[in-house]
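These are my notebook entries on a structure I was asked to look through. I record what I looked up, entry by entry.

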Amino acid sequence: MKGRVLRFSSFSAIILAASVAACADNSAGAKIFQREKCMDCHTMKGRGGAVGPNLTTVGARRNSAYIREQIRNPSSQNPNTAMPSFKDLSEQDMDKLVEYLSNRK
Ligand code: HEC
């Protein structure tokens, strides 16, 4: 019995460590997402606002071209959009942000 309890708790510890690692996203794109305050309007992995769609799995429904256009020129996809344009982002930051979001599947 003792052995079984022990095995169970080390298994839980592995699961816990894996989920903490998955949440702690320190990629450049994730940092830009935070810096630009996208989460004022969008939820990412359970945190953020609800003005716009939840972006946790946005890469599963939108391709990178769509995501890039949405960030640069949101009114081209919806003339009445509440989302501001982020066209002043550098090309490099835009690439990292788009890559980050395209990989959210
Ligand atoms: C003021 C609120 C607001 C902010 C800030 C905002 N968005 Fe949005 N976003 C929206 C809304 C509303 C939509 C829904 C589509 C539309 O109406 O344009 C949207 C749509 C999107 C979509 C398309 C999602 C889909 O499923 O079609 C992406 C991608 C996106 N936003 C990324 C971003 C990123 C990246 C940032 C930060 C750089 C950001 N948004 C900041 C409001 C916002």
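**Entry 1. Val51**

I began with the surroundings of Val51, and I counted it as exposed because it has 11 C-beta neighbours inside 10 Å. I note at the outset that the model is a predicted one. I located Val51 in the loop between strand E2, residues 47-48, and helix H3. I then looked up its contacts beyond four places in sequence and found Cys41 and Ala82. For the pair Val51 and Ala82, I noted a C-alpha to C-alpha distance of 8.1 Å across 31 residues of sequence.

**Entry 2. The chain as a whole**

I next turned to the protein chain and listed four helices and two strands. Following the sequence, I wrote their order as α-α-β-β-α-α. I recorded 105 residues in the protein chain, of which buried residues make up 15%. I also looked at contacts with a sequence separation of 6 or more, and 49% of these in the protein chain join residues 24 or more positions apart.

**Entry 3. The ligand shell**

Which residues come nearest to the ligand? I found 26 residues around it, and the nearest of these are Cys38, Cys41, Gly52, Thr81 and Met83. By residue class, I divided the shell into 16 nonpolar, six polar and four charged residues. I then asked which helices supply at least two residues of the shell. I noted H3, residues 64-72, and H4. The largest share comes from H3, with three residues.

**Entry 4. The nonpolar core**

I looked up the largest nonpolar core and counted eleven residues in it. I listed them as Ile32, Phe33, Cys38, Leu55, Val58, Ile67, Ile71, Leu97, Val98, Tyr100 and Leu101. Helices H2, H3 and H4 are the elements that give two or more residues to this core. H4 gives the most, with four residues.

I followed Leu97 further, leaving out residues up to four places away in sequence. I found that Leu97 touches Gly29, Ile32, Phe33, Ile71 and Leu89.

**Entry 5. H2 against H4**

I then examined how H2, residues 28-35, lies against H4, residues 91-102. For the record, two packed helices are described by the angle between their axes and the distance between the axes. I found that the axes of H2 and H4 come within 8 Å and cross at roughly 100°. This angle falls in the range of 65 to 115 degrees, and I therefore entered H2 and H4 as roughly perpendicular to each other.

From H2, I listed Ala28, Gly29, Ala30, Ile32 and Phe33 on the contact, and from H4 I listed Asp93, Lys96, Leu97, Glu99 and Tyr100. I sorted the residues of this contact into six nonpolar, one polar and three charged.

I also checked Gln92, which lies in H4. I counted Gln92 as exposed because it has 10 other C-beta atoms within 10 Å. Its C-alpha atom is separated by 10.0 Å from that of Gly29, which is 63 residues apart from it along the chain.

**Entry 6. Positive phi values**

I looked next at backbone torsions, bearing in mind that most residues other than glycine have a negative phi. I noted that Lys37 has a positive phi of about 60° although it is not a glycine. I located Lys37 in the loop between H2 and strand E1, residues 43-44. Is Lys37 buried or exposed? I counted 11 C-beta neighbours inside 10 Å and therefore entered Lys37 as exposed.

Lys45 also drew an entry, with a positive phi near 50°. I placed Lys45 in the loop between E1 and E2. I entered it as partly exposed because 15 other C-beta atoms lie within 10 Å.

**Entry 7. Thr43**

I closed with Thr43, which lies in strand E1. I counted 16 C-beta neighbours inside 10 Å, so I entered Thr43 as partly exposed. Which residues is Thr43 in contact with, leaving aside its neighbours within four places in sequence? I listed Gly48, Gly49, Ala50, Asn54, Leu55 and Thr56. For Thr43 and Thr56, I recorded a C-alpha to C-alpha distance of 6.9 Å at 13 residues apart in sequence.

Methods: Residues numbered from 1 in each chain as written. Predicted model: local features only at pLDDT ≥ 70, side-chain atom pairs only at ≥ 80, totals over all residues. Axes fitted to C-alpha atoms, helices over the stretch in contact; angles between N-to-C directions. Parallel < 35°, antiparallel > 145°, perpendicular 65-115°, else oblique. Contact = placed C-beta atoms within 7 Å. Nonpolar A, V, L, I, M, F, W, Y, C, P; charged D, E, K, R; others polar. Near = placed C-beta within 6 Å. Buried ≥ 20, exposed ≤ 12 C-beta atoms within 10 Å, placed from the backbone. Core = buried A, V, L, I, M, F, W, Y, C linked by C-beta atoms within 7 Å.
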